[in-house]
Amino acid sequence: MASTTSSSLSLSSTIVDGKTTRQSAAAASSQCVTLPTLPPPPAVQSRAARATAYCRKMARNVVSMATSTGEVVTAEPTTAETATTELPSELVQKIQEAWDKVDDKYAVSSLGVAAFILLWSSTGVISAIDRLPLIPGVLELVGIGYTGWFAYKNLIFKPDREALIAKIKDLYKDILGSS
């Protein structure tokens, strides 16, 4: 019995990468296999950064093709790029000017909050109707039928189209005033 325990506890040496390591016999006969660690993943760029880099590369290629020497010229920011960076500040200024012109700020704020609540509740109602088993299909058929009827009544024949256009122009004048 002493010989079996001594043989199970005996140490064996193996060569790993040119170095000798000592392992126990139990560890050498185990079914466990370890894998080497993987290298770290490459740096991940965002989709927008890759698209911007690609667009700049394309702009340099177009500029280099346009010049007869073929040298690569760095593209300066265009007016469209500078306009997009200036757009938010211009938009904010216009909104601030419009807000300063408003006399009854309380009423406008209340209307904005009421519109938000109405929009939020209407999405809830629409999603509840959409979950009903038969109603969405029926409403879709009603919408298709009404669209066909409207097109037949107002869009197919020229006198009907002209009457519809005149009606729309009158409504436009009533809403915005005559200009």
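The dialogue below goes through the helices, burial and annotation of a predicted model.

Trainee: What should I know before reading values from this model?

Mentor: Residues are numbered from 1 along each chain as its sequence is written, and side-chain values use heavy atoms, with hydrogens and water left out. The model is predicted, with local features needing pLDDT of at least 70 and side-chain atom pairs counting only at pLDDT 80 or more, while totals for chains, interfaces and linings use all residues.

Trainee: How many helices and strands does the chain have?

Mentor: Helices (H or I, at least four residues) and strands (E, at least two) are DSSP runs, numbered from the N terminus. The chain has 7 helices and 2 strands, in the order α-β-β-α-α-α-α-α-α from the N terminus.

Trainee: What span should helix α7 have?

Mentor: The expected span is 1.5 Å times one less than the number of residues. For the 19 residues of α7 (residues 158-176) that gives 27 Å, and the end C-alpha atoms are 27 Å apart, which agrees. Just after α7, G177 has a positive phi of about 85 degrees.

Trainee: Is α7 buried or in the open?

Mentor: Buried means under 20% relative accessible area (1.4 Å probe, protein chains only). In α7 the number of buried residues is 1 of 19, so the helix lies largely in the open. Across the 179 residues of the chain, buried residues make up 2%.

Trainee: Which residues does the "transmembrane region" annotation cover?

Mentor: UniProt annotations may be inferred rather than shown by experiment. The unreviewed entry gives residues 106-128 and 134-152. Residues 106-128 are 100% helix, and residues 134-152 are 95% helix.

How values were computed:
Buried means under 20% relative accessible area, exposed over 50%, partly exposed in between (1.4 Å probe, protein chains only).
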